[in-house]
Amino acid sequence: MSLEHEKTCLIGLDRSALAAAIGSADVPVKQLSMRTKQIWHWLYHRGASSFDEMLNLSKDLRATLAEKFTISMPEIVDEQISNDGTRKWLLRFPARGAGAPVEVETVYIPERDRGTLCVSSQVGCSLTCTFCHTGTQKMVRNLEASEILGQILLARSQLGDFEGQEAPYDLIAPLEGRKLSNIVMMGMGEPLFNFENVKQALLIALDDSGLCFSRRRITLSTSGVVPNIFRTAEEIRCMLAISLHATRDELRDVLVPINRKYPLETLIDACRKYPTISGARRITFEYVMLKDVNDSLRDARELVELLQGIPSKVNLIPFNPWPGSEYQCSDEKTIDRFSEYLADRGLTAPIRRPRGRDILAACGQLKSESQRVKLT
Ligand code: SAH
Ligand code: SF4
């Protein structure tokens with residue numbers, strides 16, 4: 001009998017890898033394609049978390065699969081629910097190789113017309129953007145494709161979003177449609193530094209027989225790993241968000257240090273080409289509002305010039321402070337003025353209202369609470 005953690009997890013395998021895996025478990029070659037289809041259906045449409053639920057597979061086959069494989073879902077260490085309906089889960093994944101078990105946070109943000117899941121791609125982050133709390137935490141490891149998908153599957157199951165499931169009594173969710181309708185790769189980590197795993201997970205999320213999300217409802221956010229922006233355009237073709245935050249190299253070099261490797265000119269060139277290559281109709285630029293750092297009307301003017309000719313939306317994010325951070329959030333009036341300046345010049349620039357503040361679920365705050373608790 002193999003130990004649970006040594007078994008291959010079937011979540012996150014594409015069709016051919018899944019067929020190869022079950023082929024090695026003596027499923028006859030003639031049946032491989034049908035069995036693969038059935039297992040995908042159970043995993044991604046029905047949210048099965050055990051082989052016993054897969055009733056159109058014979059009892060013997062279910063037993064063989066359970067002997068050799070797992071459907072390994074993250075363990076919920078903690079769930080917090082904000083008074084605005086935002087839910088934050090602290091999730092634990094088992095150790096890989098010589099490492100220890102790891103924890104990441106995943107956040108669900110309900111709105112009237114959508115329910116968005118903010119998914120993590122790494123444990124910690126190797127980059128050190130100066131305004132981001134995740135950037136102060138050491139990079140532990142990349143998440144596997146199964147762990148990225150595991151966050152989505154777990155959230156759907158907690159929200160009662162699979163066929164035949166009931167939603168929790170206290171759920172705040174969109175008025176109609178799927179409770180989890182949108183995915184943003186904006187949790188912990190830099191998704192384009194974990195490209196292969198993120199790609200594998202998102203291709204299953206996009207697949208009609210997988211989680212069946214439309215391309216318009218999956219957004220990958222990056223600090224600007226230019227070569228992999230091109231790969232995203234060609235190989236994933238989802239929506240793209242760029243963490244811009246500054247309009248001049250000298251300032252962006254400080255705020256988003258990867259800018260020293262891929263400066264604004266190369267980043268903006270990639271953004272100009274992204275819609276044509278990927279088919280995405282526009283790019284989102286995230287801009288964190290830092291008092292007296294990047295919030296002047298000069299910055300707003302330069303932003304308009306920089307984004308000229310790129311179909312864009314600018315998300316203005318009021319800075320979320322964290323203990324020890326050296327920045328302050330811009331005044332409300334300054335943010336309003338900045339937003340109006342952009343809007344007057346034809347740039348959509350909504351101010352992102354912070355969600356889940358009472359449970360520290362806002363941008364850049366993830367994992368801080370759990371780390372703090374461990375330190376005390
Ligand atoms: N690493 C990726 C995705 C995760 S960060 C990236 O950098 O794009 C998600 C968004 O939150 C980014 O735009 C990031 O710049 C922003 N962010 C980080 N810390 C923040 C803070 N303290 N306040 C507001 N936004 C923050
Ligand atoms: Fe990493 Fe993104 Fe935070 Fe920068 S903003 S440190 S890339 S998670």
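These are my notebook entries on two ligand sites, a hairpin, an enclosed strand and two loop residues in a predicted model.

**Entry 1. Ligand 1, the surroundings**

I started with the shell around ligand 1. It holds 21 residues, and Gly189, Ser221, Ser243, His245 and Asn320 come nearest. I then sorted the shell by class. I found ten nonpolar, nine polar and two charged residues. Next I looked up which strands take part. Strand E10 (218–222), strand E12 (283–289) and strand E13 (312–318) each give the shell at least two residues.

**Entry 2. Ligand 1, polar contacts**

Which protein atoms pair with oxygen atoms of ligand 1? I noted three cases. Serine 221 places a polar side-chain atom 2.6 Å from an oxygen of ligand 1. Threonine 222 uses its backbone instead: an N or O atom there lies 3.5 Å from a ligand 1 oxygen. For glutamate 286, an N or O atom of the side chain is 3.1 Å from an oxygen of ligand 1. I also checked how much of the ligand is covered. Alone, ligand 1 would expose 530 Å², and the protein buries 95% of that.

**Entry 3. Glutamate 286**

I followed glutamate 286 further. It sits in strand E12. Is it buried or exposed? Glutamate 286 has 5% relative accessibility, and the cut-off for buried is under 20%, so it counts as buried. I listed its contacts beyond four places in sequence. Among them are Met186, Ser221, Ala241, Ser243, His245, Asn315 and Arg352. Ser221 is thus on this contact list, and the side chain of serine 221 also has its own polar approach to ligand 1.

**Entry 4. Serine 243**

Serine 243 is one of the residues that come nearest to ligand 1. I placed it in strand E11 (residues 239–243). Its relative accessibility is 14%, so it too falls under the 20% limit and is buried. Leaving out residues up to four places away, serine 243 touches Ser221, Thr222, Ser223, Arg252, Val256 and Glu286.

**Entry 5. Strand E10**

Ser221 and Thr222 both belong to E10, so I looked at the whole strand. How many of its five residues are buried? Five of the five are, so E10 is largely enclosed by the rest of the structure. I checked each side. Side chains in a regular strand alternate between the two faces of the sheet. In E10, Ile218, Leu220 and Thr222 lie on one side, Thr219 and Ser221 lie on the other, and all of them are buried. I then looked for a pairing strand. Strand E9 (residues 182–185) pairs with E10 in the parallel sense, over three bridges. One pair I noted is isoleucine 183 with isoleucine 218.

**Entry 6. Ligand 2**

I turned to the second ligand. Around ligand 2 I found Cys125, Leu127, Cys129, Cys132, Gly135, Gly189, Glu190 and Ser223. By class, that shell has four nonpolar, three polar and one charged residues. Gly189 appears in this shell and is also listed among those nearest to ligand 1. Ser223 is another shell residue of ligand 2, and serine 243 touches it.

**Entry 7. Lysine 88 and the hairpin**

Lysine 88 lies in strand E4 (residues 87–93). Its relative accessible area is 2%, so it is buried. Where does its side chain go? It reaches the backbone oxygen of isoleucine 359, at 2.8 Å.

I looked at the partner strand next. Strand E3 (residues 75–81) runs antiparallel to E4, and six bridges join them. Lysine 88 is the bridge partner of glutamine 80. The two strands form a hairpin with five residues between them. In the turn, glycine 85 has a positive phi of about 95°. I also noted aspartate 78, ten residues from lysine 88 along the chain; the two C-alpha atoms are 8.1 Å apart.

**Entry 8. Two positive phi values**

Most residues other than glycine have a negative phi. I looked up two that do not. Arginine 237 has a phi near 65°. It lies in the loop between helix H6 (226–236) and E11. Arginine 237 is partly exposed, with a relative accessible area of 33%.

Aspartate 292 is the other entry, with a positive phi of about 55°. Its place is the loop between E12 and helix H9 (297–306). At 69% relative accessibility, aspartate 292 counts as exposed.

Technical notes: Residues are numbered from 1 along each chain as its sequence is written. Chains are lettered from A and ligands numbered from 1 in the order in which they are written. This is a predicted model: local features need pLDDT of at least 70, side-chain atom pairs count only at pLDDT 80 or more; totals for chains, interfaces and linings use all residues. Side-chain values use heavy atoms; hydrogens and water are left out. A residue is near a molecule or strand if one of its heavy atoms lies within 4 Å of it. A polar contact is a pair of N or O atoms within 3.5 Å; within protein, one must be able to donate a hydrogen and the other to accept it, and residues adjacent in sequence count only if both atoms are side-chain atoms. Accessible areas come from the Shrake-Rupley method with a 1.4 Å probe; for residues, only the protein chains shown count as cover. Helices (H or I, at least four residues) and strands (E, at least two) are DSSP runs, numbered from the N terminus. Ala, Val, Leu, Ile, Met, Phe, Trp, Tyr, Cys and Pro count as nonpolar, Asp, Glu, Lys and Arg as charged, and the others, Gly among them, as polar. Buried means under 20% relative accessible area, exposed over 50%, partly exposed in between (1.4 Å probe, protein chains only). Two strands pair if DSSP finds at least two bridges between them. Contact means heavy atoms within 4.5 Å.
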